[in-house]
Amino acid sequence: MTERVRRILELYGADNPGTLTNLARVLGAGRLAGTGRLLILPVDQGFEHGAARSFAPNPPAYDPAYHFRLAAEAGCSALAAPLGFLEAGARAHAGDVPLILKLNGHDALGADDVAPVQAIYGTVDDALRLGCAAVGYTIYPGSPRAPEMYEGLRELAREAKARGLFVVVWSYPRGGALAKDEETALDVVANAAHVAAELGAHVIKVKLPTARIASAEAKRSYEANRVAVATAAERVRHVVQAAFAGRRLVLFSGGATKARDEDVLADVAAVRDGGAAGSIIGRNTFQRPEADARRLLSAIADVLSA
(Lines give C-alpha, C1' and ligand atoms only; values in the text may rest on other atoms or scores of the structure.)
Protein backbone atom coordinates (compact mmCIF):
# COMPACT_ATOMS: atom_id res chain seq x y z
CA MET A 1 0.00 0.00 0.00
CA THR A 2 1.52 3.29 -1.12
CA GLU A 3 0.73 6.71 0.32
CA ARG A 4 -0.87 7.68 -3.00
CA VAL A 5 -3.28 4.75 -2.86
CA ARG A 6 -4.08 5.49 0.79
CA ARG A 7 -5.02 9.06 -0.17
CA ILE A 8 -7.32 7.78 -2.90
CA LEU A 9 -9.07 5.37 -0.54
CA GLU A 10 -9.67 8.24 1.89
CA LEU A 11 -11.85 9.88 -0.77
CA TYR A 12 -14.37 7.03 -0.40
CA GLY A 13 -15.33 7.54 3.22
CA ALA A 14 -18.82 6.04 2.90
CA ASP A 15 -17.57 2.64 1.75
CA ASN A 16 -17.01 -0.53 3.72
CA PRO A 17 -13.62 -2.28 4.12
CA GLY A 18 -14.47 -4.88 1.48
CA THR A 19 -15.09 -2.28 -1.21
CA LEU A 20 -11.95 -0.36 -0.29
CA THR A 21 -9.93 -3.58 -0.29
CA ASN A 22 -11.10 -4.40 -3.82
CA LEU A 23 -10.34 -0.88 -5.02
CA ALA A 24 -6.88 -1.15 -3.47
CA ARG A 25 -6.50 -4.56 -5.11
CA VAL A 26 -6.91 -3.06 -8.57
CA LEU A 27 -4.80 0.01 -7.75
CA GLY A 28 -2.10 -2.41 -6.60
CA ALA A 29 -2.09 -4.61 -9.70
CA GLY A 30 -0.02 -4.60 -12.87
CA ARG A 31 2.56 -2.19 -14.21
CA LEU A 32 0.96 0.84 -12.54
CA ALA A 33 0.69 -0.72 -9.08
CA GLY A 34 0.83 1.89 -6.33
CA THR A 35 0.92 4.90 -8.64
CA GLY A 36 -2.75 5.81 -8.24
CA ARG A 37 -3.27 5.33 -11.97
CA LEU A 38 -5.07 2.57 -13.82
CA LEU A 39 -4.79 0.84 -17.19
CA ILE A 40 -7.81 -1.38 -17.84
CA LEU A 41 -8.43 -3.65 -20.84
CA PRO A 42 -12.18 -3.66 -21.70
CA VAL A 43 -13.55 -6.32 -24.03
CA ASP A 44 -17.27 -5.60 -24.30
CA GLN A 45 -16.97 -4.51 -27.94
CA GLY A 46 -18.14 -7.85 -29.33
CA PHE A 47 -21.52 -7.37 -27.69
CA GLU A 48 -21.67 -3.68 -28.54
CA HIS A 49 -20.34 -3.68 -32.12
CA GLY A 50 -20.47 -7.28 -33.31
CA ALA A 51 -17.90 -10.05 -33.25
CA ALA A 52 -16.42 -9.51 -36.72
CA ARG A 53 -16.06 -5.73 -36.35
CA SER A 54 -14.32 -6.29 -33.03
CA PHE A 55 -12.13 -9.34 -33.60
CA ALA A 56 -11.70 -10.06 -37.33
CA PRO A 57 -8.71 -7.65 -37.55
CA ASN A 58 -6.89 -10.02 -35.15
CA PRO A 59 -8.60 -13.47 -35.23
CA PRO A 60 -6.95 -14.83 -32.05
CA ALA A 61 -8.96 -12.18 -30.20
CA TYR A 62 -12.18 -14.15 -30.78
CA ASP A 63 -10.97 -16.38 -27.90
CA PRO A 64 -11.49 -14.90 -24.40
CA ALA A 65 -8.30 -16.66 -23.27
CA TYR A 66 -6.34 -14.33 -25.56
CA HIS A 67 -7.52 -11.29 -23.59
CA PHE A 68 -6.93 -12.83 -20.17
CA ARG A 69 -3.38 -13.60 -21.23
CA LEU A 70 -2.86 -10.19 -22.84
CA ALA A 71 -4.13 -8.29 -19.81
CA ALA A 72 -1.99 -10.33 -17.41
CA GLU A 73 1.22 -10.35 -19.44
CA ALA A 74 0.97 -6.66 -20.35
CA GLY A 75 0.51 -5.72 -16.69
CA CYS A 76 -2.99 -4.25 -16.91
CA SER A 77 -4.70 -3.14 -13.71
CA ALA A 78 -7.83 -5.13 -14.59
CA LEU A 79 -9.79 -6.86 -17.36
CA ALA A 80 -13.41 -5.74 -17.86
CA ALA A 81 -15.85 -7.88 -19.85
CA PRO A 82 -19.41 -9.26 -19.99
CA LEU A 83 -20.69 -12.34 -18.20
CA GLY A 84 -20.15 -15.07 -20.78
CA PHE A 85 -16.70 -13.79 -21.66
CA LEU A 86 -15.52 -13.93 -18.04
CA GLU A 87 -17.14 -17.33 -17.50
CA ALA A 88 -15.12 -18.65 -20.45
CA GLY A 89 -11.78 -17.79 -18.85
CA ALA A 90 -12.09 -16.98 -15.16
CA ARG A 91 -11.30 -20.48 -13.89
CA ALA A 92 -8.29 -21.13 -16.12
CA HIS A 93 -6.88 -17.68 -15.38
CA ALA A 94 -7.94 -17.31 -11.75
CA GLY A 95 -5.72 -14.79 -10.01
CA ASP A 96 -3.87 -13.69 -13.14
CA VAL A 97 -5.49 -10.25 -13.33
CA PRO A 98 -8.29 -8.50 -11.39
CA LEU A 99 -11.69 -8.75 -13.10
CA ILE A 100 -14.58 -6.33 -13.61
CA LEU A 101 -17.93 -7.81 -14.65
CA LYS A 102 -19.79 -5.60 -17.13
CA LEU A 103 -23.44 -5.98 -16.11
CA ASN A 104 -25.29 -4.47 -19.06
CA GLY A 105 -24.96 -3.96 -22.80
CA HIS A 106 -26.48 -2.72 -26.03
CA ASP A 107 -26.20 -5.22 -28.88
CA ALA A 108 -25.14 -4.37 -32.42
CA LEU A 109 -28.28 -5.81 -33.99
CA GLY A 110 -30.74 -3.33 -32.50
CA ALA A 111 -31.40 0.11 -33.94
CA ASP A 112 -29.33 2.81 -32.28
CA ASP A 113 -32.21 5.27 -32.32
CA VAL A 114 -33.10 8.37 -30.33
CA ALA A 115 -33.90 6.31 -27.21
CA PRO A 116 -31.01 3.86 -26.76
CA VAL A 117 -30.97 1.68 -23.65
CA GLN A 118 -28.74 -1.02 -22.19
CA ALA A 119 -30.12 -4.37 -21.07
CA ILE A 120 -28.93 -5.86 -17.76
CA TYR A 121 -27.55 -9.39 -18.21
CA GLY A 122 -25.32 -9.90 -15.18
CA THR A 123 -25.74 -9.84 -11.42
CA VAL A 124 -23.66 -8.99 -8.38
CA ASP A 125 -23.80 -12.69 -7.47
CA ASP A 126 -22.19 -13.47 -10.84
CA ALA A 127 -19.39 -11.02 -10.07
CA LEU A 128 -18.74 -12.58 -6.68
CA ARG A 129 -18.84 -16.09 -8.11
CA LEU A 130 -16.24 -15.15 -10.72
CA GLY A 131 -13.94 -13.48 -8.18
CA CYS A 132 -14.38 -9.96 -9.54
CA ALA A 133 -13.19 -6.84 -7.75
CA ALA A 134 -15.87 -4.61 -9.31
CA VAL A 135 -18.94 -4.39 -11.49
CA GLY A 136 -19.30 -2.17 -14.55
CA TYR A 137 -22.45 -0.52 -15.88
CA THR A 138 -23.17 1.77 -18.84
CA ILE A 139 -25.51 4.75 -18.79
CA TYR A 140 -26.56 6.97 -21.71
CA PRO A 141 -27.12 10.51 -20.39
CA GLY A 142 -29.31 12.28 -22.91
CA SER A 143 -31.36 9.23 -23.88
CA PRO A 144 -35.09 9.42 -23.10
CA ARG A 145 -34.53 6.08 -21.38
CA ALA A 146 -31.69 7.36 -19.21
CA PRO A 147 -33.85 7.37 -16.04
CA GLU A 148 -34.45 3.64 -16.53
CA MET A 149 -30.69 3.04 -16.67
CA TYR A 150 -30.09 5.30 -13.67
CA GLU A 151 -32.62 3.33 -11.62
CA GLY A 152 -31.04 0.04 -12.66
CA LEU A 153 -27.64 1.36 -11.60
CA ARG A 154 -29.04 2.49 -8.25
CA GLU A 155 -30.10 -1.04 -7.32
CA LEU A 156 -27.01 -2.82 -8.65
CA ALA A 157 -24.61 -0.30 -7.11
CA ARG A 158 -26.34 -0.54 -3.74
CA GLU A 159 -25.99 -4.33 -3.75
CA ALA A 160 -22.42 -4.30 -5.06
CA LYS A 161 -21.24 -1.84 -2.40
CA ALA A 162 -23.01 -3.74 0.37
CA ARG A 163 -21.19 -6.88 -0.69
CA GLY A 164 -17.74 -5.36 -0.98
CA LEU A 165 -17.35 -4.57 -4.70
CA PHE A 166 -16.64 -1.20 -6.26
CA VAL A 167 -18.59 0.29 -9.17
CA VAL A 168 -17.29 1.44 -12.55
CA VAL A 169 -19.72 3.49 -14.66
CA TRP A 170 -19.34 3.90 -18.42
CA SER A 171 -21.04 7.30 -18.94
CA TYR A 172 -21.66 7.80 -22.65
CA PRO A 173 -24.03 10.61 -23.71
CA ARG A 174 -26.24 9.39 -26.51
CA GLY A 175 -29.73 9.75 -27.98
CA GLY A 176 -32.48 12.28 -27.52
CA ALA A 177 -31.65 15.71 -28.90
CA LEU A 178 -27.89 15.05 -29.00
CA ALA A 179 -26.33 15.11 -32.45
CA LYS A 180 -23.53 12.59 -33.02
CA ASP A 181 -20.78 15.20 -32.82
CA GLU A 182 -22.27 16.57 -29.59
CA GLU A 183 -21.74 13.27 -27.77
CA THR A 184 -18.09 14.21 -27.22
CA ALA A 185 -18.55 17.97 -26.75
CA LEU A 186 -16.70 19.15 -23.67
CA ASP A 187 -19.74 20.34 -21.73
CA VAL A 188 -21.61 17.12 -22.54
CA VAL A 189 -18.74 14.83 -21.45
CA ALA A 190 -18.20 16.85 -18.27
CA ASN A 191 -21.90 16.61 -17.46
CA ALA A 192 -21.77 12.85 -18.07
CA ALA A 193 -18.87 12.49 -15.64
CA HIS A 194 -20.73 14.52 -13.03
CA VAL A 195 -23.91 12.45 -13.46
CA ALA A 196 -21.94 9.24 -12.93
CA ALA A 197 -20.35 10.66 -9.79
CA GLU A 198 -23.76 11.71 -8.47
CA LEU A 199 -25.07 8.19 -9.11
CA GLY A 200 -22.41 6.73 -6.84
CA ALA A 201 -19.66 5.55 -9.19
CA HIS A 202 -16.25 4.89 -7.68
CA VAL A 203 -14.61 4.95 -11.11
CA ILE A 204 -15.98 6.78 -14.16
CA LYS A 205 -15.25 6.02 -17.80
CA VAL A 206 -15.88 8.70 -20.43
CA LYS A 207 -14.67 9.54 -23.91
CA LEU A 208 -12.03 12.16 -24.64
CA PRO A 209 -13.87 15.43 -25.25
CA THR A 210 -13.46 17.76 -28.17
CA ALA A 211 -13.26 21.54 -27.82
CA ARG A 212 -16.86 21.93 -28.94
CA ILE A 213 -19.41 23.30 -26.45
CA ALA A 214 -22.85 21.96 -27.39
CA SER A 215 -25.06 24.08 -25.14
CA ALA A 216 -25.35 27.82 -25.70
CA GLU A 217 -25.94 28.31 -21.96
CA ALA A 218 -22.84 26.29 -21.12
CA LYS A 219 -20.79 28.22 -23.68
CA ARG A 220 -21.67 31.51 -22.01
CA SER A 221 -20.58 30.09 -18.64
CA TYR A 222 -17.33 28.70 -20.03
CA GLU A 223 -16.49 32.04 -21.62
CA ALA A 224 -17.55 34.17 -18.65
CA ASN A 225 -15.52 32.05 -16.23
CA ARG A 226 -12.58 31.63 -18.60
CA VAL A 227 -12.56 27.83 -18.43
CA ALA A 228 -9.47 26.58 -20.28
CA VAL A 229 -10.49 24.31 -23.16
CA ALA A 230 -7.87 24.85 -25.89
CA THR A 231 -5.78 21.69 -25.38
CA ALA A 232 -6.73 18.07 -24.85
CA ALA A 233 -5.06 18.11 -21.41
CA GLU A 234 -7.07 21.18 -20.38
CA ARG A 235 -10.29 19.48 -21.46
CA VAL A 236 -9.37 16.33 -19.52
CA ARG A 237 -8.66 18.48 -16.45
CA HIS A 238 -12.10 20.07 -16.70
CA VAL A 239 -13.84 16.69 -16.93
CA VAL A 240 -11.89 15.47 -13.88
CA GLN A 241 -12.94 18.63 -12.06
CA ALA A 242 -16.58 17.83 -12.89
CA ALA A 243 -16.19 14.50 -11.03
CA PHE A 244 -16.26 16.14 -7.59
CA ALA A 245 -13.03 18.07 -8.12
CA GLY A 246 -11.17 14.84 -8.77
CA ARG A 247 -12.56 13.01 -5.74
CA ARG A 248 -13.69 10.23 -8.08
CA LEU A 249 -11.31 8.36 -10.39
CA VAL A 250 -11.91 9.27 -14.04
CA LEU A 251 -10.68 7.07 -16.89
CA PHE A 252 -10.77 7.91 -20.58
CA SER A 253 -11.49 5.48 -23.40
CA GLY A 254 -9.24 4.93 -26.38
CA GLY A 255 -11.92 6.05 -28.82
CA ALA A 256 -12.15 4.99 -32.46
CA THR A 257 -9.57 2.61 -33.91
CA LYS A 258 -6.28 4.35 -34.66
CA ALA A 259 -3.72 2.92 -37.07
CA ARG A 260 -0.69 4.63 -35.49
CA ASP A 261 0.58 3.92 -31.99
CA GLU A 262 1.72 7.54 -31.79
CA ASP A 263 -1.89 8.75 -31.97
CA VAL A 264 -2.96 6.44 -29.15
CA LEU A 265 -0.04 7.54 -26.99
CA ALA A 266 -0.72 11.23 -27.65
CA ASP A 267 -4.23 10.78 -26.24
CA VAL A 268 -2.83 8.93 -23.23
CA ALA A 269 -0.35 11.76 -22.59
CA ALA A 270 -3.27 14.21 -22.54
CA VAL A 271 -5.06 11.99 -20.04
CA ARG A 272 -1.98 11.97 -17.82
CA ASP A 273 -1.28 15.70 -18.16
CA GLY A 274 -4.92 16.50 -17.38
CA GLY A 275 -4.71 14.69 -14.05
CA ALA A 276 -7.01 11.78 -14.86
CA ALA A 277 -6.65 8.37 -13.21
CA GLY A 278 -5.74 6.59 -16.42
CA SER A 279 -6.98 4.84 -19.53
CA ILE A 280 -9.39 2.05 -20.40
CA ILE A 281 -8.40 0.99 -23.91
CA GLY A 282 -9.74 -2.00 -25.82
CA ARG A 283 -9.87 -2.22 -29.60
CA ASN A 284 -6.87 0.08 -30.07
CA THR A 285 -4.83 -2.67 -28.40
CA PHE A 286 -6.45 -6.07 -28.91
CA GLN A 287 -7.05 -5.55 -32.63
CA ARG A 288 -3.27 -5.59 -33.09
CA PRO A 289 -1.24 -8.84 -33.17
CA GLU A 290 -0.49 -10.02 -29.65
CA ALA A 291 3.15 -8.94 -29.55
CA ASP A 292 2.23 -5.49 -30.88
CA ALA A 293 -0.65 -5.22 -28.41
CA ARG A 294 1.64 -6.05 -25.49
CA ARG A 295 4.18 -3.47 -26.66
CA LEU A 296 1.52 -0.80 -26.99
CA LEU A 297 0.01 -1.54 -23.57
CA SER A 298 3.51 -1.38 -22.09
CA ALA A 299 4.10 1.97 -23.79
CA ILE A 300 0.75 3.26 -22.47
CA ALA A 301 1.76 2.25 -18.94
CA ASP A 302 5.08 4.05 -19.42
CA VAL A 303 3.31 7.24 -20.46
CA LEU A 304 0.82 7.08 -17.58
CA SER A 305 3.57 6.51 -15.04
CA ALA A 306 5.84 9.29 -16.31
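**Close-up views of a predicted model**

**View 1. Arg226 sits in the loop between α10 (216-224) and α11 (232-242).** The model is predicted: local features need pLDDT of at least 70, side-chain atom pairs count only at pLDDT 80 or more, and totals for chains, interfaces and linings use all residues. Residues are numbered from 1 along each chain as its sequence is written, and side-chain values use heavy atoms, without hydrogens or water. Helices (H or I, at least four residues) and strands (E, at least two) are DSSP runs, numbered from the N terminus. Arg226 is not a glycine, yet its phi is positive, at about 55°. Its relative accessibility is 76%, so Arg226 counts as exposed. Buried means under 20% relative accessible area, exposed over 50%, partly exposed in between (1.4 Å probe, protein chains only).

**View 2. Phe244 also has a positive phi.** The value is near 60°, again in a residue other than glycine. Phe244 belongs to the loop between α11 and β9 (249-253). Is Phe244 buried or partly exposed? Phe244 counts as partly exposed because its relative accessibility is 27%.

**View 3. Eight strands form a closed barrel.** The order is β1-β2-β3-β6-β7-β8-β9-β10. Pairing is parallel (two strands pair if DSSP finds at least two bridges between them). From one strand to the next, the twist averages 25°. The views that follow take up β1, β2 and β9 of this barrel.

**View 4. β1 (38-42) is covered on both faces.** Leu38, Ile40 and Pro42 lie on one side. Leu39 and Leu41 lie on the other. All of these residues are buried. Five of the five residues of β1 are buried, so the rest of the structure largely encloses this strand. β1 is joined to β10 by three bridges, and the two strands run parallel. Here Leu39 has Ser279 of β10 as its bridge partner. Three bridges also join β1 to β2, again in parallel. Which residue of β2 is the bridge partner of Leu41? That partner is Leu79.

**View 5. β2 (78-81) pairs with β1 and with β3.** Ala78 and Ala80 point one way from β2. Leu79 and Ala81 point the other way. All four are buried. Towards β1, Ala78 stands opposite Ile40. Three bridges link β2 to β3 (residues 99-102), and the strands run parallel. In that pairing, Ala80 faces Ile100 of β3.

**View 6. β9 pairs in parallel with β10 (residues 278-280).** Three bridges join the two strands. Ser253 of β9 stands opposite Ile280 in β10. Beyond β9, Gly255 is found in the loop leading to α12 (261-273). Gly255 has a relative accessible area of 30%, so this glycine is partly exposed. How many residues apart in sequence are Gly255 and Ile281? They are 26 residues apart, and their C-alpha atoms lie 7.9 Å from each other. Setting aside neighbours within four places in sequence, Gly255 is in contact (heavy atoms within 4.5 Å) with Arg283 and Asn284.

**View 7. The largest nonpolar core has 96 residues.** Such a core is a set of buried Ala, Val, Leu, Ile, Met, Phe, Trp, Tyr and Cys residues joined through side-chain atoms within 4.5 Å. Leu79, Leu86, Val239, Leu249, Phe252 and Ile300 have the most contacts inside it. Helix α14 (residues 290-305) supplies the largest share, seven residues. Phe252 touches several stretches of the chain, leaving aside its neighbours within four places in sequence. Its contacts are Val206, Lys207, Leu208, Pro209, Val236, Val239, Val240, Val271, Ala276, Gly278, Ser279 and Ile280. Among them, Val239 shares with Phe252 a place in the list of core residues with the most contacts.

**View 8. Helix α1 (residues 3-10) crosses helix α2 (residues 17-27).** Their axes come within 10 Å and cross at roughly 145°. Axes are lines fitted to C-alpha atoms, for helices over the stretch in contact, and angles run from 0 to 180 degrees between N-to-C directions. From α1, the contact uses Val5, Ile8 and Leu9. From α2, it uses Leu20, Leu23, Ala24 and Leu27. α2 also lies across β1, β2, β7 (166-171), β8 (203-206) and β9. Relative to β7, α2 runs at about 65°.
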